[in-house]
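Please walk through this protein chain with me, one part at a time. The text below goes with the sequence and the model.

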Amino acid sequence: MSLISKDFRSNQHQSHQKGYVRLRWALLVIVFAGIGAVVANTNNVNDAANETGLIANSSTARISTAMLSTELHTKTAPAFKSVTTSADDLARESFTLSLPELQAQQKIIDEANRLSSKKWREFTVKSGDNLARLFKRASIKAQQLDELMKSGDEVKTLTRIFPKDTIRVLSDDNGKLQALRYDIDQKSYLMVEREQGVLVAKTYNHEIETRHTHASGTIDSSLSHAAEKAGISQNIFMELANIFGWDIDFALDIRKGDSFTVLYEELFRNGEKISDGKILAADFINDGKIYRTVRYTNPQTNSSEYYTPDGKSMRKAFIRSPVHFSRISSGFNLKRKHPILLNKRPHRGVDYAAKSGTPIYAAGDGKVIFKGKKGGYGKVMILQHGTKYTTLYAHLKTYNRKLKKGSKVKQGQTIAYVGKTGLATGPHLHYEFRVNGTHRNPLTVKLPISSPVPPRYMADFELSTTPLFSQLDLLVRSQQVAMADNI
Ligand SMILES: [Zn+2]
C-alpha cells in the first residue's frame with residue numbers, strides 16, 4: 001500500500017505524473033527482466049508499455065522501493081542498481097537469472113501485484129450501467145459512492161459515463177475506495193485520490209503534441225471518394241465543406257477535375273495519433289475558380305476564424321429583417337392560433353406587414369434552392385446560405401424574374417416582392433430562418449458574425465499567415481504537376 005498511497009497523494013500534476021511514472025517504472029523493470037508474462041495481463045503494465053515515451057523522458061525516474069534495491073542485486077542486472085538509464089538502454093540489456101534470483105523476483109512481482117494490479121482494477125462501462133452498479137461489481141461499499149460524489153465538482157463528469165468507457169478503481173479489503181481514475185476523453189482524465197482520509201477529485205491533462213500535415217485530392221467521381229483517396233478523415237472533410245460552404249455548394253457545384261489542398265493539425269499523445277486538429281489553411285479549386293482560406297486567431301479576443309487571404313471572413317453575414325416593413329404583424333410562436341384556420345398551428349416565422357409590391361432582400365449571400373407555390377404559403381422562395389442556414393420567404397406577389405432554382409444571390413439583392421398569395425389576411429412577408437433544418441426565431445437567433453480582420457491586426461494577420469500560404473502554394477503547384485503527369 002505504501003508505494004501507491006505515497007505516490008498518488010501528491011497534488012500537483014507534475015509530481016502526480018512522476019508518482020505514476022515511478023510505479024510504472026517498477027513494473028516496467030519487472031517486465032524487462034524477462035519474466036513479465038506473470039504480470040503482463042495487468043493494466044498498469046500495458047500502460048507502461050504504451051507510455052514508454054513518457055517514461056523515457058523522465059530522467060528523474062528511479063525505482064525507489066526498498067524491495068527492488070535490496071533484493072535485486074547488482075550482479076543480476078546492472079540496470080537495477082540505478083535506473084536512470086533510458087527505457088531503450090533497459091530494453092537492450094539481457095538478463096540471465098539463476099533460480100534463487102528468479103524466486104527473489106517472483107517475490108517482487110507478488111509484492112507489486114499486491115500493491116497495484118490486485119487492487120487497481122479496470123471496469124468497462126456496459127450499456128445501462130451506472131456507478132452504483134460498477135461499485136457493486138468492484139465490491140466497493142455503496143456508501144462510498146456518496147463520499148465520491150462529494151469529492152469535488154470535477155467528479156460530476158462521472159454522471160455522464162458511456163458504454164465502453166473505462167473506470168479504474170483502487171479499494172482496500174474493507175470495500176473502501178482509495179482512488180479512482182476515469183479517462184474523460186483523449187486529452188484529459190479524472191483522478192480521485194484519498195488525501196489524509198478524504199477523497200479529492202482532480203482533472204489532469206495529458207500532454208498533447210500538435211503536428212502539421214497536409215493532403216491533396218482531385219475529384220474524379222465524387223468528393224467523398226477524393227477525400228478518402230487523399231487520406232483525410234470524415235471530420236476534416238466536413239470541416240472543409242463548412243468553411244467553403246458559403247461559396248461552394250458541395251452537393252451541386254462540384255465538378256470533375258475540381259481539386260483541393262488542405263493543411264491541418266494532427267494531435268498526438270505519447271507518439272500516437274489521437275485525432276485530427278484544426279484546418280490551418282486550404283485551397284479549393286471549383287470549376288476553375290480558386291477559393292482560399294486561412295485560420296487566424298485574433299490576439300485580443302483569442303477567437304479563431306477562417307478568412308480569405310485579404311482578411312475577409314469566410315462566413316457571410318445576415319441582415320436581420322429582409323424587408324422594409326411597417327410593423328411586425330405576427331411573431332415567432334410555436335403555440336399560435338392560426339388567424340384564418342383558427343386552429344392551433346405553430347407560427348415558425350415572423351410576419352412583416354408591408355405594402356404590396358415592397359421589395360424583399362436576400363438575408364445573406366446564398367443560392368435559390370426553391371422557387372414556386374407551397375400550399376398556404378402561396379408563392380415561396382427558399383435560399384440556402386452556407387451549409388447550415390436556409391431562409392424562406394412566403395406569400396410573395398412576384399419573384400425577381402432573373403432568379404431561378406440554383407441562381408446565386410448576394411446579400412441585399414432583391415429576390416421577390418411582398419404580396420398575399422396563399423393563406424394571408426393582408427399583404428405581408430412571412431419569413432423563416434432555419435439552422436440545420438430547425439426553425440429559429442428570425443428576430444432573436446444568433447446570426448453568424450462576419451467581421452473582417454480588424455485593420456490594426458492586419459500586419460499580424462499577414463505575418464502569421466504568409467508561411468501557411470507559401471506552403472499551400474508549394475503543395476498546390478506539386479499537385480498540379482502530379483495532375484499534368486497523369487494526363
Ligand atoms: Zn406568417
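Ser139 counts as exposed because its relative accessibility is 55%; exposed means over 50% relative accessible area, buried under 20%, and partly exposed in between, with a 1.4 Å probe and protein chains only. This is a predicted model, where local features need pLDDT of at least 70 and side-chain atom pairs count only at pLDDT 80 or more, while totals for chains, interfaces and linings use all residues. Residues are numbered from 1 along each chain as its sequence is written, and side-chain values use heavy atoms, with hydrogens and water left out.

Ser139 sits in the loop between helix 8 (131–137) and helix 9 (143–149). Helices (H or I, at least four residues) and strands (E, at least two) are DSSP runs, numbered from the N terminus. The phi of Ser139 is positive, near 55°, and the residue is not a glycine. Most residues other than glycine have a negative phi. Asn270 also has a positive phi, about 50°, without being a glycine. Its loop runs between strand 7 (259–269) and strand 8. Asn270 counts as partly exposed because its relative accessibility is 33%.

Strand 8 (residues 272–286) leads on to a pair of hairpins. It runs antiparallel to strand 9 (residues 289–297), joined by six bridges. Two strands pair if DSSP finds at least two bridges between them. Ala281 has Val294 in strand 9 as its bridge partner. Two residues lie between the strands of this hairpin, and Asp287 takes a positive phi near 55° there. Strand 9 also pairs with strand 10 (residues 304–307), antiparallel and over four bridges. Here Tyr296 stands opposite Glu305 in strand 10. This second hairpin has six residues between its strands, and Asn302 takes a positive phi near 60°.

Now look at an open sheet. Its five strands have the order 1-2-3-4-5, with antiparallel pairing. Strand 1 (120–124) and strand 5 (198–205) are the edge strands, each pairing on one side only. Neighbouring strands are turned by 20° against each other on average, direction ignored; axes are lines fitted to C-alpha atoms, for helices over the stretch in contact, and angles run from 0 to 180 degrees between N-to-C directions. Strand 4 (residues 188–195) runs antiparallel to strand 5, with eight bridges joining them. Leu190 stands opposite Thr203 in strand 5.

Next comes the metal. Which residues coordinate the zinc ion? His347 does so through NE2, Asp351 through two OD atoms and His430 through ND1, at 1.9 to 2.8 Å. Donors are N, O and S atoms within 2.8 Å of the metal (3.2 Å for Na, K and Ca); water is not among the atoms, so sites may look incomplete. Along the chain the donors follow the spacing H-x3-D-x78-H. Asp351 lies in strand 12 (residues 350–353) and His430 in strand 19 (residues 428–435), so the pair ties together parts that are 79 residues apart in sequence. Both Asp351 and His430 are buried. The angles among the four donor atoms run from 52 to 154°, and the site is irregular.

Last, the whole chain. It has 12 helices and 20 strands. Of its 487 residues, 46% are buried. Among contacts (heavy atoms within 4.5 Å) with a separation of 6 or more, 62% join residues 24 or more positions apart.

Notes
Tetrahedral: all angles 85-135°; square planar, octahedral: opposite > 155°, others 65-115°.
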